[in-house]
Amino acid sequence: MRKIIGIILSPIHYIAFGLILVIFQPIQWICYKLFGYKAHKYSVDILNFFLTSSYYLLGNRVSWTNRQPLPLNRPMIFVANHQSMYDIPPMIWRLSKYHAKFISKIELTKNIPSISYNLKVGGGANIDRKDQRQSITELMKLGQRMKENNWSTVIFPEGTRSKDGNIKFFRAAGIATILKKCPDALLVPIAVENSWKMVQYGAFPLSTFEHLKFTVLNPIEPKAAANVDEAVLQCENEIRKFLGQPENLESRDKAQETRA
């Protein structure tokens, strides 16, 4: 039934989603060119509020739970599992006061209304996965901007989306690179639920009447861990525990080998 309803509602959602992107393209440009970073960021926050709202056209809903007293006076690295592109607008909107920047594929900086422009001027990192040196340089620049501006970032350490909600192994390299330039950053796990269900049938039709959930978990102080690998492993297993998935014992063994 959800699939059948999705065939009817998906075009409505896509039209609304696309119109929002097109409308906010000139708004972003004007805000950035005439008024600078703060105005541009505000326009991006509003953009992602509307993009998130477009999910409701499918009968879906979004809930955000954050009971953590997160600091506003230090950078943070939000570490989340990744299920679909629909993870991103709610996170940009809800993490706006932390100036959370995203790490994106460089291909996304071209030909996508609003999204490409924001990626170019918003202060995140746009990496070329085929060029390791460029990727490392971009992440280090991001870490430096975080340190200088008290910004935060969102990273999906799985490296790819989970198509069934099962968490993949978290890679620590990107986080380690950022911490080299921004060593005071706090790691904050975020558990994402049910985003994958929106695209369980593919790009069309989208699933309907799903409940996307985002939960901010206990922060992890990277300096309290033996190394970055162990800190990232703690993030991974905190998310696994919250989602009811088994602990990644293989990853733990790798972290122990690193310490040895």
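# A walk through the rings and charges

Start by selecting Tyr-37, which counts as partly exposed at 24% relative accessibility. Keep in mind as you go that this is a predicted model.

**Stop 1: Tyr-37 and its partner**

Tyr-37 belongs to helix H2, which covers residues 37-53. Now add Trp-151 to your selection, in the loop between H5 and S5. How are the two rings arranged? Their centres lie 5.2 Å apart and their planes are at 20 degrees, so the pair is stacked. Because Tyr-37 lies in H2 and Trp-151 in that loop, the pair ties together parts that are 114 residues apart in sequence. Is Trp-151 buried or exposed? With 9% relative accessibility, Trp-151 counts as buried.

Stay on Trp-151 and show Lys-101 as well. The charged end of Lys-101 sits over the ring of Trp-151, at 4.5 Å from the ring's centre.

**Stop 2: two phenylalanines**

Next, select Phe-102 and Phe-156. They make an aromatic pair that is tilted, with 6.3 Å from centre to centre and 50 degrees between the planes. This pair links distant parts of the chain: Phe-102 is in strand S3 and Phe-156 in the loop between S5 and H6, 54 residues apart. Both of these phenylalanines, Phe-102 and Phe-156, are buried.

**Stop 3: a cluster of rings**

Which residues form one aromatic cluster? Select Phe-24, Phe-49, Phe-50 and Trp-93 to see it. Then bring up Arg-94, whose charged end sits over the ring of Trp-93, 4.4 Å from the centre of that ring. Over the whole structure, a search finds 10 aromatic pairs.

**Stop 4: helix H6**

Colour residues 173-181 to pick out helix H6. Which residues of H6 are buried? They are Gly-174, Ile-175, Thr-177, Ile-178 and Leu-179. To see what covers these buried residues, show their surroundings, which include S2, strand S3 (100-105), helix H5 (132-149), strand S5 (152-155), S6 and H8.

**Stop 5: salt bridges between loops**

Now turn to the charges. Side chains of opposite charge can pair when their charged atoms come close. How many salt bridges are there? The count comes to five.

Select Arg-74 and Glu-221, whose side chains meet in a salt bridge at 3.1 Å, N to O. Arg-74 is in the loop between strand S1 (61-66) and strand S2 (76-80), and Glu-221 is in the loop between strand S7 (211-216) and helix H8 (228-243), so the pair ties together parts that are 147 residues apart in sequence. Arg-74 counts as partly exposed at 22% relative accessibility, and Glu-221 is partly exposed too, with a relative accessible area of 31%.

The loop between S7 and H8 also holds Lys-223. Add Asp-184, and you will find the two side chains, Asp-184 and Lys-223, in a salt bridge of 2.8 Å, N to O. Asp-184 lies in the loop between helix H6 and strand S6 (186-193), so this pair ties together parts that are 39 residues apart in sequence. Asp-184 is partly exposed at 44% relative accessibility, whereas Lys-223 is exposed at 56%.

**Stop 6: a salt bridge inside H8**

For the last stop, select Glu-236 and Arg-240. They form a salt bridge, their closest N and O atoms being 2.9 Å apart. Both lie in helix H8, four residues apart, about one turn of the helix. An α-helix has 3.6 residues a turn, so residues three or four places apart point the same way. Glu-236 is buried, and Arg-240 is buried as well.

Notes
Residues numbered from 1 in each chain as written. Predicted model: local features only at pLDDT ≥ 70, side-chain atom pairs only at ≥ 80, totals over all residues. Heavy atoms only, no water. Salt bridge = Lys/Arg side-chain N within 4 Å of Asp/Glu carboxyl O. Helix = DSSP H or I, 4+ residues; strand = E, 2+ residues; numbered from the N terminus. Buried < 20%, exposed > 50% of the residue type's maximum accessible area, 1.4 Å probe, protein only. Contact = heavy atoms within 4.5 Å. Phe/Tyr/Trp six-rings, centres within 6.5 Å; stacked < 30°, edge-to-face > 60°. Lys NZ or Arg CZ within 6 Å of the ring centre and 35° of its normal.
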